Amino acid sequence: MKAVFAAGAMLIASADISGAETVYRYEHGPSTMCGIRGADTADFLRQVRAGLRQVPASDRFDLFVADDGVTQWVFTKPSEKAYPAVTCRWLDRDSQGNWISKREIRCEADRAACDRLADEFASLDDQLRRSLAEKK
C-alpha cells in the first residue's frame, strides 16, 4: 500500500488538495468509472491495461497511471480478500476552484472485505491530503 501512496503523492504533489469525494459501489454488472464503461472488474483491467501505463505498486495491487498524470487506477490482485476490486482516483476542482481528490471504488468480492478495502483507501486519501497540507 505504501507504493500506491507514494505514486499518488507523486501524481498530485503540486496540487493544493482541499477535500475528497469517494463513491463506493459494491456491485456486479456493467458500470462506468472515470469515463470507462466496463462489464466487470476484469473488463476494466483489460481496457486500462491496453491504454494506460503500468507502474510498480506492490504485491497487493496493480497500479496504472493515465497520461494526464492525475488519474490512477488500482486493481486488487487475486491474493487479496477484496478481489476482484478496482478504484480510480483523479483530481478535479470544486466550485471555488480548489483542487479536490475524487475516487470511485468498485468491489465484487465479499461485502465485509470490500468495506475494509474502501476504508483503507479512504484512510490513504486522508493521509495523502494531510501530508500535502503540511507542505504548504
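These notes cover a predicted model, with attention to one strand, one lysine, the disulfides and the salt bridges.

1. **Strand E6 and its burial.** E6 spans residues 72–76. 5 of its 5 residues are buried, so the strand is largely enclosed by the rest of the structure. Cover comes on both faces. Gln72, Val74 and Thr76 sit on one side, with Trp73 and Phe75 on the other. The split fits a general pattern: in a regular strand, side chains alternate between the two faces of the sheet.

2. **Pairing with E5.** E5 covers residues 61–65 and runs antiparallel to E6, with 5 bridges between them. One bridge pair is Phe61 with Thr76 of E6. The two strands make a hairpin with 6 residues between them. Gly69 lies in the turn and has a positive phi of about 75°.

3. **Pairing with E7.** E6 also pairs with E7, again in the antiparallel sense, through 4 bridges. E7 comprises residues 85–93. Here Gln72 has Arg89 as its bridge partner. Arg89 returns in point 7 as a salt-bridge residue.

4. **Lys77, just after the strand.** Lys77 belongs to the loop between E6 and E7. Is Lys77 buried or partly exposed? Its relative accessibility is 23%, so it counts as partly exposed; the cut-off for buried is under 20%. Beyond its neighbours within four places in sequence, Lys77 touches Ser58, Asp59, Arg60, Phe61, Asp62 and Tyr83. Two of these contacts, Ser58 and Asp62, deserve a closer look.

5. **Lys77 with Ser58 and Asp62.** Ser58 is 19 residues from Lys77 in sequence, and their C-alpha atoms are 9.5 Å apart. The Lys77 side chain comes to 3.0 Å from the backbone oxygen of Ser58. Which residue forms a salt bridge with Lys77? It is Asp62, with the closest N and O atoms 3.8 Å apart. That pair links distant parts of the chain: Asp62 is in strand E5, Lys77 is in the loop between E6 and E7, and they are 15 residues apart. Asp62 has 16% relative accessibility and so counts as buried. A reader checking this pair should note that the salt-bridge cut-off is 4 Å.

6. **Arg60 and Glu120.** The whole structure holds 9 salt bridges. One of them joins Arg60 to Glu120, with 2.8 Å between the closest N and O atoms. The partners come from distant parts of the chain, 60 residues apart. Arg60 is in the loop between E4 (53–55) and E5, while Glu120 is in helix H3, residues 111–134. Both ends are partly exposed: Arg60 has 21% relative accessibility, and Glu120 has 24%. Arg60 and Glu120 also belong to a salt-bridge network that includes Glu80. Arg60 is in contact with Lys77 as well.

7. **Asp125 and Arg89.** This salt bridge has its closest N and O atoms 2.7 Å apart. Asp125 lies in helix H3 and Arg89 in strand E7, so the pair ties together parts that are 36 residues apart in sequence. Are Asp125 and Arg89 buried or exposed? Both are buried. Arg89 thus has two roles in these notes: bridge partner of Gln72 and salt-bridge partner of Asp125. In general terms, side chains of opposite charge can pair when their charged atoms come close.

8. **The Cys34–Cys88 disulfide.** How many disulfides are there? The count is 2. Cys34 is joined to Cys88, with an S to S distance of 2.0 Å. The link is right-handed, at 95° about the S-S bond. Cys34 lies in the loop between E2 (31–33) and E3 (36–38) and Cys88 in strand E7, so the pair ties together parts that are 54 residues apart in sequence. The two ends differ in burial. Cys34 is partly exposed at 27% relative accessible area, whereas Cys88 is buried at 0%.

9. **The Cys107–Cys114 disulfide.** Here the sulfur atoms are 1.9 Å apart. The link is left-handed, with -75° about the S-S bond. Cys107 and Cys114 are both buried. Counting bonded cysteines along the chain, the disulfide pattern is 1-2, 3-4.

Technical notes:
Residues are numbered from 1 along each chain as its sequence is written. This is a predicted model: local features need pLDDT of at least 70, side-chain atom pairs count only at pLDDT 80 or more; totals for chains, interfaces and linings use all residues. Side-chain values use heavy atoms; hydrogens and water are left out. Buried means under 20% relative accessible area, exposed over 50%, partly exposed in between (1.4 Å probe, protein chains only). Contact means heavy atoms within 4.5 Å. A polar contact is a pair of N or O atoms within 3.5 Å; within protein, one must be able to donate a hydrogen and the other to accept it, and residues adjacent in sequence count only if both atoms are side-chain atoms. Two strands pair if DSSP finds at least two bridges between them. A disulfide is a pair of cysteine sulfur atoms within 2.5 Å. A salt bridge is a side-chain nitrogen of Lys or Arg within 4 Å of a carboxyl oxygen of Asp or Glu.
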